[in-house]
Amino acid sequence: MRIILIGPPGAGKGTQAVAVKSKFPVDHISTGDILRENVRAGSPLGIEAKKFMDSGSLVPDVLIIEMMRERLAKVSVGFMLDGFPRTVAQAEALDELMKEMSMPLDAAILLEVPDETVVKRLGGRRVCSSCGAIFHVTGNPNKIEGICDICSGPVIQRDDDREEVIRRRLSVYHKNTAPLAEYYEKSGLLHRVDAGGPLDAVKAHLESVGL
Ligand code: AP5
């Protein structure tokens, strides 16, 4: 299975990817997670990417495409891309790459969520900076404040989850990423999923499109 998850920040891509991965043998590849690892490691990519991430802008296509070319070369089973592609240029580069690797995409899943729901979700999101587990202060709180339920690592608020940065990320999404719906609709790969409801409802919607 080779699928991509598209959706605004806070749509639940990371959360639902964990559920899908528990059912199917797929490699979950999150561009946001790879970038944050590079930022933590202080790599040249991380130093460059941080400037864009902190302000809620997109990291330049040329850096992301090269990063994904390297990552996809390591895929041995199926994959689920979370946060890539995010521009039409990235989608075209992915098509080229899939052609070179003789691995056509099976589906593009668009998680649709209203902007105000995104602001509420991301304002309350907390993440484990060690294992990446995702929590929410009211919807899915970790049991002991500041400590991850899964690995006991530190649970923090992401720098880009401040309201002004969330709103900037949303506007970047509508301008640069939303056009991908039309791109994948044309190739017959698009499945729209209502992701604005509670977790179980979203899971059920995903099951109805085969995930
Ligand atoms: P990235 O980390 O990919 O962020 P994002 O796309 O903005 O998505 P998020 O991780 O914020 O949200 P999500 O949809 O995974 O939601 P989650 O499951 O956590 O990217 C960060 C930055 O990196 C970008 O801004 C950019 O700078 C750069 N970048 C990354 N990829 C790039 C690319 N391809 N090109 C250029 N730059 C790139 O859920 C959110 C919260 O809601 C959680 O607290 C969760 O518990 C809760 N929640 C989830 N679902 C529900 C539900 N159904 N009901 C109630 N609460 C829910």
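Visitor: What makes the pairing of Lys13 with an oxygen atom of the ligand a polar contact?

Guide: In this predicted model, a backbone N or O atom of Lys13 lies 2.9 Å from an oxygen atom of the ligand, and a polar contact is a pair of N or O atoms within 3.5 Å, so the pair qualifies. An oxygen atom of the ligand is likewise 3.2 Å from a polar backbone atom of Ala11, while a nitrogen atom of the ligand is 3.0 Å from a polar backbone atom of Val59.

Visitor: Which residues are the closest to the ligand?

Guide: They are Thr15, Ser57, Arg86, Arg125 and Arg169, out of 34 residues that surround the ligand, where a residue counts if one of its heavy atoms lies within 4 Å.

Visitor: Why are α6 and α7 called oblique to each other?

Guide: Helix α6 (residues 115-123) and helix α7 (residues 163-177) pack at an angle of about 140°. Angles under 35 degrees count as roughly parallel, over 145 as roughly antiparallel, 65 to 115 as roughly perpendicular and the rest as oblique, and α6 and α7 are therefore oblique.

Visitor: Which residues of α7 does α6 meet?

Guide: With contact meaning heavy atoms within 4.5 Å, residues of α6 including Val118 and Leu122 meet Glu163, Ile166, Arg167, Arg169, Leu170 and His174 in α7.

Visitor: How do you know which values to use?

Guide: Local features need pLDDT of at least 70, side-chain atom pairs count only at pLDDT 80 or more, and totals for chains, interfaces and linings use all residues. Residues are numbered from 1 along each chain as its sequence is written, and side-chain values use heavy atoms, with hydrogens and water left out.

Methods. Axes are lines fitted to C-alpha atoms, for helices over the stretch in contact, and angles run from 0 to 180 degrees between N-to-C directions. Helices (H or I, at least four residues) and strands (E, at least two) are DSSP runs, numbered from the N terminus. A polar contact is a pair of N or O atoms within 3.5 Å; within protein, one must be able to donate a hydrogen and the other to accept it, and residues adjacent in sequence count only if both atoms are side-chain atoms.
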